[in-house]
Amino acid sequence: MSHKITSATLTEGSSITTALALAPSLLSPLHVQFVRQEFNITKQISPLRQRMIDDMTIRNMSPSTQKVYTYAVANFSAFHGRSPDKLTFEDVRVYRLHLISRGLKPNSINPIMAALRFFYATTLGLKEVSEQIPYARRADILPAVMAPDDVVRFLKAVPDLKMRTLFITIYAAGLRVSEAVKLTARDIDSARMVITVRQAKGRKDRYVMLSEQLLGILRAYWKQAHLQHLLFPGPARTRPITSRSVQRACRQAVEAAGLDKSITVHTLRHSFATHLLEQGVDIHVIQDLLGHRNIASTTRYARVAINTIRKIQSPLELLNMELVAPA
């Protein structure tokens with residue numbers, strides 16, 4: 001007998017807007033605003049653009065990355081008013097200064113530079129030009145993390161059942177918003193108590209734990225929402241809710257709960273990782289749960305695991321010092 005969270009088990013207990021919705025992990029809100037305001041892309045695909053798309057397809061790059069890369073190169077071309085294969089490194093430099101003048105930060109500029117590097121190195125075969133295009137140095141900022149009590153405050157401030165269940169799922173399993181919105185009934189395996197995250201960042205599948213409490217919440221939600229396939233459908237029930245809608249609901253809940261306005265949906269994922277680390281879970285296990293390719297992406301949470309840091313004894317405590325008043 002199957003124990004996946006099917007309808008039965010739950011009941012028991014190509015416009016620019018589309019491109020941006022497909023790639024929330026690559027674009028900051030400011031970058032989204034910039035792309036929307038930049039030059040329109042012609043509907044007819046040129047042979048050069050098609051070659052770049054083919055190059056990305058051959059390398060099995062995700063649809064979201066392909067969208068971002070093609071728009072980045074098209075905007076670069078439109079800014080200079082010439083075909084991108086006629087532009088040089090100096091033109092890239094001028095465009096980069098333009099992006100900086102528009103207020104884009106390194107996290108937004110780097111995906112654009114990655115697109116141009118790919119275009120020059122792969123599509124045009126000009127690796128010497130690609131290698132001249134550096135990535136911007138990112139500020140080493142500590143990830144925002146909520147205390148457990150703040151997570152509860154946040155969740156209680158979400159009035160909509162679907163959104164509250166979605167946020168609970170993201171925190172309980174450490175999911176990216178793009179992963180959570182695509183969950184279906186077949187991804188919830190109540191026999192093995194795992195959630196299958198399919199074709200996530202880097203086109204990788206992975207398992208994350210399914211807590212008993214989350215399973216109960218999902219079953220109650222499924223029954224009340226009368227769902228069929230997707231756990232979190234949008235207005236058209238055959239398509240998932242958009243990441244933009246989730247981010248908007250998050251901002252409203254943060255304001256209602258009186259929390260720091262810097263909190264985003266991704267903060268729930270940061271909090272998941274940090275709270276596991278504070279519980280003593282091995283960092284390599286956390287790396288696998290988060291789907292990080294590089295352990296360095298996971299070790300940054302050690303810098304914000306306050307409860308773990310508090311337990312570390314300072315070497316000063318090992319010294320037998322008598323405080324002497326200054327003369």
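**Exercise 1. Work out how covered helix 14 is, and check its length.**

Helix 14 is mostly covered, since burial holds for 13 of its 14 residues. Keep in mind as you work that this is a predicted model.

*Step 1.* Take the residue range: helix 14 runs over residues 265–278, which gives 14 residues.
*Step 2.* At 1.5 Å a residue, the expected span is 20 Å.
*Step 3.* In the model, helix 14 reaches 21 Å from its first C-alpha to its last, close to that expectation.
*Step 4.* Now look past the end of the helix: Gly 280 follows helix 14, and its phi is positive, near 95°.

**Exercise 2. Do the same for helix 13, then place Ala 249 in its surroundings.**

*Step 1.* Helix 13 has 15 residues, so at 1.5 Å a residue it should span 21 Å. Its end C-alpha atoms are 21 Å apart, which agrees.
*Step 2.* List the buried residues of helix 13: Ser 243, Ser 245, Val 246, Ala 249, Cys 250, Ala 253, Val 254 and Ala 257.
*Step 3.* Pick Ala 249 from that list. Its relative accessible area is 12%, and buried means under 20%, so Ala 249 counts as buried.
*Step 4.* Ask what touches it. Leaving aside neighbours within four places in sequence, Ala 249 is in contact with Met 163 and Phe 167.
*Step 5.* Add a distance across the chain: the C-alpha atoms of Ala 249 and Val 158 are separated by 7.6 Å, although their positions lie 91 residues apart along the chain.
*Step 6.* Finish at the end of the helix, where Gly 258 follows helix 13 with a positive phi, near 70°.

**Exercise 3. Build the sheet from its strand pairs.**

*Step 1.* Start with strand 1 (residues 188–189) and strand 2, which run antiparallel and are joined by 2 bridges. Within this pairing, Asp 189 stands opposite Val 194 of strand 2.
*Step 2.* Describe the connection: the two strands form a hairpin with 4 residues between them, and Met 193 in the turn has a positive phi of about 60°.
*Step 3.* Move to the other neighbour. Strand 2 pairs with strand 3 (residues 206–209) over 4 bridges, again in the antiparallel sense. In strand 3, Met 209 is the bridge partner of Val 194, and Val 208 stands opposite Ile 195.
*Step 4.* Put the pairs together: the result is an open sheet of 3 strands in the order 1-2-3, with antiparallel pairing. Strand 1 and strand 3 are the edge strands, as each pairs on one side only.
*Step 5.* Check the faces of strand 2 (residues 194–197). Val 194 and Thr 196 on one side are buried, and so are Ile 195 and Val 197 on the other, which leaves both faces covered.

**Exercise 4. Classify two of the aromatic pairs.**

*Step 1.* The structure holds 6 aromatic pairs. In the pair of Phe 79 and Tyr 95, the ring centres are 5.2 Å apart and the planes meet at 50°, so this pair is tilted.
*Step 2.* Locate the partners: Phe 79 is in helix 5 (residues 63–80) and Tyr 95 in helix 6 (residues 89–101), 16 residues apart, so the pair links distant parts of the chain.
*Step 3.* Compare their exposure. Phe 79 is partly exposed, with a relative accessible area of 28%, whereas Tyr 95 is buried at 1% relative accessibility. Phe 79 and Tyr 95 also belong to one aromatic cluster with Phe 76.
*Step 4.* Turn to Tyr 221 and Phe 232. Their centres are 5.6 Å apart with 20° between the planes, and the pair is stacked.
*Step 5.* Tyr 221 lies in helix 12 (residues 212–225) and Phe 232 in the loop between helix 12 and helix 13, so the pair ties together parts that are 11 residues apart in sequence. Both residues are buried.
*Step 6.* For a charge over a ring, see Arg 300, which lies over the face of Tyr 301 at 5.7 Å from the ring centre.

**Exercise 5. Decide where to read the model with care.**

*Step 1.* The mean pLDDT of the protein is 84, and 84% of its residues reach 70 or more.
*Step 2.* Confidence is highest in helix 10 (residues 161–173), at a mean of 96, and lowest in helix 2 (residues 16–22), at 41.
*Step 3.* Over residues 11–42 the pLDDT is below 50, and this stretch has 55 contacts in the model beyond near neighbours in sequence.
*Step 4.* Where pLDDT is low, predicted coordinates should not be read in detail.

Key: Residues are numbered from 1 along each chain as its sequence is written. This is a predicted model: local features need pLDDT of at least 70, side-chain atom pairs count only at pLDDT 80 or more; totals for chains, interfaces and linings use all residues. Side-chain values use heavy atoms; hydrogens and water are left out. Rings of Phe, Tyr and Trp (its six-membered ring) pair if their centres lie within 6.5 Å; planes under 30 degrees apart count as stacked, over 60 as edge-to-face and the rest as tilted. Buried means under 20% relative accessible area, exposed over 50%, partly exposed in between (1.4 Å probe, protein chains only). A charge sits over a ring if NZ of Lys or CZ of Arg is within 6 Å of the ring centre and within 35 degrees of the ring normal. Contact means heavy atoms within 4.5 Å. Two strands pair if DSSP finds at least two bridges between them. pLDDT is the predictor's confidence in each residue, from 0 to 100. The expected span of a helix is 1.5 Å times one less than its number of residues.
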